Amino acid sequence: DGGGLALWVSPTGAKSWRYSYKQFGKWGLYTIGRYPDVTLAEAREAHRAARATVKAGQQPTMTRKQETIRKANETANTFGAVAREWLARNAERWSDSYREQLAARFENDILPRLGERPIRDVTAADLLGLLETLKRRGPHAARLARQWISAVFEYGARTLRADHNPAAPLKGTVPAPRTRHYATLTRNELGALLREIDGYRGQRQTAVLLRLLALLFPRPSELREARWEEIDFEHALWRIPAERMKGRTPHVVPLPEQAIALLRELHGLTGRREFLFPHRSDPRKVMGNATVNCALYDLGYAGRLSAHGFRG
């Protein structure tokens, strides 16, 4: 085709565009690509670029390798790549529910806006636009997103892929929401509640769970997800492993006689299962939080008490 560009045909019939050139007194051969995957017009364009590279004293093969490496580095250093790496490295520190919350927020809100950008190119203005969008859903979502994005940039800086943290100056951009306390009862109302639970006509497991919430005041998820292997009847202790605790440290709950009696009764109902409170339709899962709050609704405590409110 001229200028060293030719269509080479192998004995098998395969065709490829190649560019023959002389540089520093030696001949070189640069393969542009297969025909017909690479058209004549595309081959000529690549040939012009390769000739310019040779005139500049560089080898087109080496230049292509460098470009491939550069693109690979850019892909590895995108905000999305660093964020997913940060999520994977910290996954074991978080509870299942928190890990799912993080993954959903990144995949649905953060990465569609920032994922393909090289992390060094993301600016505070980019983040501010994202936070303004999230603020329309509520300040809590925007505050958490800023904290998580900031953690990604800190991790990127530690791994030498980010130069600074553009989320840091935006710390006060989203005002802190007013603290919302869970609905709970006064001391004088507690006796009436316990009598209502004793007369509850729903599933007995639910009544036992409500009673244990009042006796032990754990987080509702800690009790709903409890396994029989955690209950030590001999020493009257409930040993919660670190991975199920919010603070990621083991926790031991002393069990009073009333709790032991309830647990022995419950063992007769669900003792052959893994969980104390298995899901009614799928015993491999645990009872849902909605079941507990629906029971409180049935007892007449809607808006007055939540499952978490027993801790109050």
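**Close-up views of a predicted model**

**Figure 1. Pairing of strands β4 and β5 in the predicted model.** Strand β4 (residues 231-232) and strand β5 (residues 237-240) run antiparallel and are joined by 2 bridges. Across from isoleucine 231 stands tryptophan 238 of β5. The two strands, β4 and β5, make a hairpin with 4 residues between them. In the turn, alanine 236 has a positive phi of about 55°.

**Figure 2. Pairing of strands β5 and β6.** Strand β6 (residues 251-254) runs antiparallel to β5, and 4 bridges join the two. Arginine 239 has valine 252 of β6 opposite. Strand β5 is thus shown here with β6, while its pairing with β4 is the subject of Figure 1.

**Figure 3. The open sheet of β1, β2 and β3.** This sheet has 3 strands in the order β1-β2-β3, and the pairing is antiparallel. β1 (5-9) and β3 (26-35) are at the edges with a single partner strand each, so one side of each has no neighbour in the sheet. On average, and with direction ignored, neighbouring strands of the sheet are turned by 35° against each other. Strands of a sheet pair through backbone hydrogen bonds, in either a parallel or an antiparallel manner.

**Figure 4. Strands β2 and β3, with helix α1 across the sheet.** Strand β2 (residues 15-23) is joined to β3 by 9 bridges, and the two run antiparallel. Arginine 18 has threonine 31 in β3 as its bridge partner. Helix α1 (residues 40-55) lies across β1, β2 and β3. Relative to β2, helix α1 runs at about 20°.

**Figure 5. The largest cavity and its lining.** The count of cavities of 30 Å³ or more comes to 2. The largest cavity has a volume of about 40 Å³. Its lining consists of Leu212, Leu216, Leu223, Ile231, Trp238, Leu255, Leu263 and Leu276. By class, this lining holds 8 nonpolar residues, with no polar and no charged ones. Ile231 and Trp238 both belong to the lining; isoleucine 231 and tryptophan 238 also stand opposite each other in the pairing shown in Figure 1.

**Figure 6. The second largest cavity and its lining.** The second largest cavity contains about 30 Å³ of space. Ile119, Arg120, Phe153, Ala162, Asp163 and His164 form its lining. These lining residues divide into 3 nonpolar, 1 polar and 2 charged. The charged residues of this lining are Arg120 and Asp163, and the polar one is His164.

Note on methods: Residues are numbered from 1 along each chain as its sequence is written. This is a predicted model: local features need pLDDT of at least 70, side-chain atom pairs count only at pLDDT 80 or more; totals for chains, interfaces and linings use all residues. Side-chain values use heavy atoms; hydrogens and water are left out. Two strands pair if DSSP finds at least two bridges between them. Axes are lines fitted to C-alpha atoms, for helices over the stretch in contact, and angles run from 0 to 180 degrees between N-to-C directions. Contact means heavy atoms within 4.5 Å. On a 1 Å grid over the protein atoms alone, a cavity is a set of points where a 1.4 Å probe fits but cannot get out, and a pocket is an open set with protein on both sides within 12 Å along at least five of seven lines; lining residues have an atom within 4 Å of a point. Grid points are joined across faces, edges and corners, and a volume is the space filled by probe spheres set on the points.
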